[in-house]
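Thanks for asking me to look this one over. My notes are below, point by point, and I hope they help as you go through the structure.

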Amino acid sequence: MAKLLYAFSCSVDGFIAGPGGDMSWLTPHLGPDPLVDELIPRIGALLVGRRTFGGDDPHRGTEAAGKPFGGGWEGPQFVLTHHAPEPVPGITFVDDLADAVTAAKEAAGDKYVNVLGADVARQCLEAGVLDEILALPVPVLLGDGVRMFDRPGGDPVGLEPLRPNWYRVG
Ligand SMILES: NC(=O)c1ccc[n+]([C@@H]2O[C@H](COP(=O)([O-])OP(=O)(O)OC[C@H]3O[C@@H](n4cnc5c(N)ncnc54)[C@H](OP(=O)(O)O)[C@@H]3O)[C@@H](O)[C@H]2O)c1
């Protein structure tokens, strides 16, 4: 059975994107990462928020732009949106979280569904369907932007460490 993994690069102060969704801060830190190389073949599908899909890309201006993991991964993508655009090959637009999770898990088989986007990841956590979190911190402080988890006034969420920066939820 597929598990939902929220894996992301982040600043040391916990932002996954800068102000306005800027991702250029990540560009100098792109490059080989043994943990990412290990993870990529274990991903069977992506569950993506609409702001991530079509948002800024740290590979902007290169051939790798717009491709998951800079072209390092290919497979089924499920994009959550209330405003589905024209069909895109390989992408399924879904307007309901539970439907998207079910479809992505089915497509992923026994691999991970990688969740992309903080808003979608928070909803998955609140729905009790998020299994694991992997933070890939890079040495930069942003001070502003999209937090990896944003729930003002929220209660603490217990995490069980699996490996450095890799946690099981609950
Ligand atoms: N550092 C990293 O590794 C990393 C990874 C991924 C993303 N990012 C960045 O994170 C930012 C995006 O994250 P985010 O949290 O702002 O947004 P997000 O989760 O990517 O997308 C949120 C959007 O998804 C749609 N959506 C969410 N829940 C839905 C639901 N239940 N039903 C239907 N549609 C739903 C809505 O779009 P509609 O308005 O279309 O309905 C909503 O505005 C981007 O800047 C991206 O570049 C960084």
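1. Of the 170 residues in the chain, 29% are buried. Please keep in mind throughout that this is a predicted model.

2. On the overall fold, the chain has three helices and 10 strands. Read from the N terminus, the order of elements is β-β-α-β-β-β-α-β-α-β-β-β-β. The radius of gyration is 15 Å, close to the 15 Å that the globule rule gives for 170 residues, so the chain is as compact as a globular protein of that length. The C-alpha trace spans about 40 × 35 × 30 Å along its principal axes.

3. You may like the contact pattern. Taking contacts between residues at least 6 apart in sequence, 77% join residues at least 24 apart.

4. Now to the ligand, which has 27 residues around it. The closest are Ala17, Gly21, Gly49, Arg50 and Gly117. Strand E1 (3-11), strand E2 (15-17) and H3 are the elements that give two or more residues to this shell. By character, the shell divides into 11 nonpolar, 10 polar and six charged residues.

5. Which element gives the most to the shell around the ligand? That is H3, with four residues.

6. Helix H3 covers residues 118-126, and its buried residues are Ala118, Val120, Ala121, Arg122, Cys124 and Leu125. When you look at that list, recall that an α-helix has 3.6 residues a turn, so residues three or four places apart point the same way. After H3 comes Gly128, which has a positive phi, near 80°.

Key. Residues are numbered from 1 along each chain as its sequence is written. This is a predicted model: local features need pLDDT of at least 70, side-chain atom pairs count only at pLDDT 80 or more; totals for chains, interfaces and linings use all residues. The radius of gyration is taken over C-alpha atoms; the globule rule is 2.2 Å times the number of residues to the power 0.38. A residue is buried if 20 or more other C-beta atoms lie within 10 Å of its own, exposed if 12 or fewer, and partly exposed in between; C-beta atoms are placed from the backbone. Two residues are in contact if their C-beta atoms, placed from the backbone, lie within 7 Å. A residue is near a molecule or strand if its C-beta atom, placed from the backbone, lies within 6 Å of it. Ala, Val, Leu, Ile, Met, Phe, Trp, Tyr, Cys and Pro count as nonpolar, Asp, Glu, Lys and Arg as charged, and the others, Gly among them, as polar.
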